[in-house]
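Open the model in your viewer, keep the selection panel handy, and follow along stop by stop.

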Amino acid sequence: MMTREEILEKIKSVIADCFPDMEGETFDENTIVNTDTGIDSMGFVLVICKLEALFDIRIPERQWKKLSTLGDVADAIQKRLPSA
């Protein structure tokens, strides 16, 4: 099973792939996605869709608006990953 830190690293990697101009930015689990990163709602949808594909999971749309920090996103992913 993947650790929370590994999940966070993959989230940061997906953000860097989607938004190359953010390369070099430092994000942690307390980073607020829409204000600290400057990612708008359409960009957030792109990131979530890429994460769902990467982890082979599905995060219900109704939960997306509850995900404000990178830590929230990591928690949502971790809950949906199959247990070892």
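Start with the whole protein chain in cartoon view: its secondary structure comes to five helices and zero strands, where helices (H or I, at least four residues) and strands (E, at least two) are DSSP runs numbered from the N terminus. From the N terminus on, you will trace the order α-α-α-α-α. This is a predicted model, in which local features need pLDDT of at least 70 and side-chain atom pairs count only at pLDDT 80 or more, while totals for chains, interfaces and linings use all residues. Residues are numbered from 1 along each chain as its sequence is written, and side-chain values use heavy atoms, with hydrogens and water left out.

Now show the C-alpha atoms alone. Along the principal axes they fill a box of roughly 35 × 25 × 20 Å. With 84 residues, a compact globule would have a radius of gyration near 12 Å, and the protein chain agrees at 12 Å; this radius is taken over C-alpha atoms, and the globule rule is 2.2 Å times the number of residues to the power 0.38.

Next, select residues 4-18, which form helix H1. Its 15 residues should span 21 Å at 1.5 Å a residue, and the end C-alpha atoms are indeed 21 Å apart; the expected span is 1.5 Å times one less than the number of residues.

Which residues of H1 are buried? Show the side chains of Ile7, Leu8, Ile11, Val14, Ile15 and Cys18. Buried means under 20% relative accessible area, exposed over 50%, and partly exposed in between (1.4 Å probe, protein chains only). These buried residues cover an arc of only 120° around the axis, so they sit on the same side of H1; the arc is that of the directions from the helix axis to the C-beta atoms. Add helix H3 (41-55) and helix H5 (70-80) to see what the buried residues of H1 pack against.

Stay with H5 and select glutamine 78, which lies in that helix. Glutamine 78 is partly exposed, with a relative accessible area of 23%. Leaving aside residues up to four places away in sequence, glutamine 78 touches Met1, Met2, Thr3, Arg4 and Ile7; contact means heavy atoms within 4.5 Å. Try a distance label too: the C-alpha atoms of glutamine 78 and threonine 3 are separated by 8.3 Å, though 75 residues apart along the chain.

For the last stop, pick threonine 31, in the loop between H1 and helix H2 (33-36). Threonine 31 counts as buried, at 7% relative accessibility. Its contacts, not counting residues up to four places away in sequence, are Asp36, Thr37, Ser68, Thr69 and Leu70.
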